[in-house]
Amino acid sequence: MSSNRSDLIHRLWDELADFDASRSDEALIQFMANLCALAGAWNATWIGAVRMDTSFPGDPIKGWRPHFVRRLHTTPHIDTAIQEQTEKLEQGDVDENIIRNMDGVGTFRANRLRDLVGPEWFEETYYRRYYLSVGSADAVWVASPVNQDAESWFGIFRSLDQPPFSESERDEIANIVRGIKWFQKQLMLSHGLLIAKVPLTPTERRVLHLLLAGLSEKLIAEQLERSYHTAHEQVTSIYRKFGVSNRAALMALWLGQVP
Amino acid sequence: MTPATQEKIHDIWDELSDFEASQSDQAVALLMKSLCNLANAWNATWGGAVRMDGEHNNDLLQGWRVSAMIQLHPVAPDPDEGLFKEILQLWDRREIDPSFLLPMRSVGTFRTYSFRRELSPEWFESPFYKYHYGSVGTCDAVFIGFPLNQDAESHFGFYSRKTFTDEEVELFSYALRGIKWFHRQRMLSHGLLAAATPLTPTERRVLHLLLTGLPEKQIAEQLERSYHTTHEWIMSIYRKFGVNNRAALMALWLGQTS
C-alpha cells in the first residue's frame, strides 16, 4: 500500500472518530462517500443484519435477515429493487450469491461477486435485475460480525462503465472496513439491532440521537416540535426497547455496557 | 509488515472496541501488552500530554507537560516513584535532556520517534541514559504521538533490550495510527480533554463508575463511602468537565464537544 493511500485511509478513520454518536447517520453517509471515492466505486449500501429467533425449516440462510438498508445514492428504481429482494428473502427465496456469502457467517469476510458465484450466474435474471438494471456491474461485499446474532454489511458497487474490482482492490476495501468495528457497533446500536428487542421506528431513532447528544427532554420536545408529553412517551418507549430505566443506563450501552 | 501481522493488529483493535469506556485502564494495558509481545518490547508507557496556557517563547518544551502517565510494568527499585516519574520531574523543572526535544519535532502531527534512530551515539554514554534507561536494561525506546487537538496529545512509549527494527517501529505506528477514537477516550478518562483540570485518582474511579450508568447510591456502595461524599466527588467531576448532569458528561464520551 502506498503511503499516500494509507494516509487517505487514516484520514477516513479519523473523520469517523470525529463524529459524535448522535450523528451516526451522517457519519455513515460520509464514510460510504469517502469509501466510494477511494475505491473508485459509484455507490455503496450498508445493511444491518440480524438472526431472527425463528427460522423456518430449510431456510437457506438460517434466520438471518437484513433489517436496515442504507444507500449512499438511491433512485426509485433502486428502492423498488431492494424492496423486491427483501420480500423474496422473507419468503425464503434466496439468491446463490447471498447463500455463498452467508457460508462464512460469524467471520469477517470480503468477497467480490465472482468470488461468490460462477460465470453462469452473470447470465441469469438476478444479476440483470438487481445489478445491471440499477446501474451496477460489480460489487464487493464486506461482512463484519458484531456479535453472534448481528452482522454489519457493506456493499460497494462499480458502474457499467467501470472495470470490475481486482483482488487487491477488494483487499483494500476489506482493510478499510476491518478497522472500524467500533463504528459498526455504534451503527447497529443506533438502529436498535444490537441490544434492543425490537428495531426502532424512524421517529424513535431521531429521539434516540437527541438523547445521545445529552439534550434534556424539554429541548428534545422543542427540536421535534412536539409536546413534552409526546416526547416523553417516545423516550420511554426507547428505554423499554433497550431494557433500561433511565438515560444514564441507555448511554452506558453506547459506552460498551452489556445489560 | 506482513498481512498476518496486520491481521493480529486488527484483532487487537477489535478487542479494544469490546471494552467498556469505564474499563479504559484495562483496555490500554491489553493494548500495550499485546504490542510488546508482537514487537519484542519489555515495557510500555502511556502519557497524556497537554499544553499549559500562556506564552512559551522561552520554553524549549513550549508549555507541554505530561499530566497523566501509566506504565505497563512498574519499574524497580521503587515502582510508584519509579524512573519514569523522575524523568517527568526533570521535564517539569525544564532540566532539559536532548531526549526531551524529540517529541517537540513536528508537534501537532502524528509521529514516531525513537532513541537509537534519532539520538547521537554519545547520548547513550551519558549519565542520563545510563541512570534512567540503561540501568533497567532499556537499549532503545520508540514513541508514537497522536494529537487530539492543538493542546492535547496521546503518547505511547515502548522499551526494548535491543535496537528496534524498522518492521517493529512500523508495527507500532500502524497499530496506533488507526485508533483515534481510543486515544480520545484515553485522554477523556484522565480529564485531559474537555476538562479544565486533570482528575485525581479518586475522581477517576468515580468517573469510571459514572460511565457504567450506575445510580449514585450504588456508586457510593461500590466505593464504600457515604452518599454525601460520593455526591461531592461527582459534582467536582462535573465541574471539571463543565457539565451539569450525567447525560451531558456521558455525551462527551460519545463525541459531543462541550
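**Briefing: the A–B interface and two positive-phi residues**

In this predicted model, 25 residues of chain A are in contact with 25 residues of chain B, contact being defined by C-beta atoms, placed from the backbone, that lie within 7 Å. Local features need pLDDT of at least 70 and side-chain atom pairs count only at pLDDT 80 or more, while totals for chains, interfaces and linings use all residues. Residues are numbered from 1 along each chain as its sequence is written, and chains are lettered from A and ligands numbered from 1 in the order in which they are written.

**Side of chain A that touches chain B**

- Helix H1 (3-18), helix H8 (181-190) and helix H12 (247-254) of chain A are the elements that give two or more residues to this side; helices (H or I, at least four residues) and strands (E, at least two) are DSSP runs numbered from the N terminus.
- H12(A) provides the largest share, 6 residues.
- By residue class, this side comprises 13 nonpolar, 6 polar and 6 charged residues. Nonpolar covers Ala, Val, Leu, Ile, Met, Phe, Trp, Tyr, Cys and Pro, charged covers Asp, Glu, Lys and Arg, and polar covers the others, Gly among them.

**Positive phi in chain B**

- B:Asn40, although not a glycine, has a positive phi of about 55°. The residue is found in the loop between helix H2 (24-39) and strand S1 (43-51) of chain B.
- B:Asn40 has 13 other C-beta atoms within 10 Å and is therefore partly exposed (buried means 20 or more, exposed 12 or fewer, partly exposed in between, with C-beta atoms placed from the backbone).
- B:Ser106, also a residue other than glycine, has a positive phi near 55°. Its loop lies between helix H3 (83-92) and strand S3 (111-114) of chain B.
- B:Ser106 counts as exposed because it has 11 C-beta neighbours inside 10 Å.
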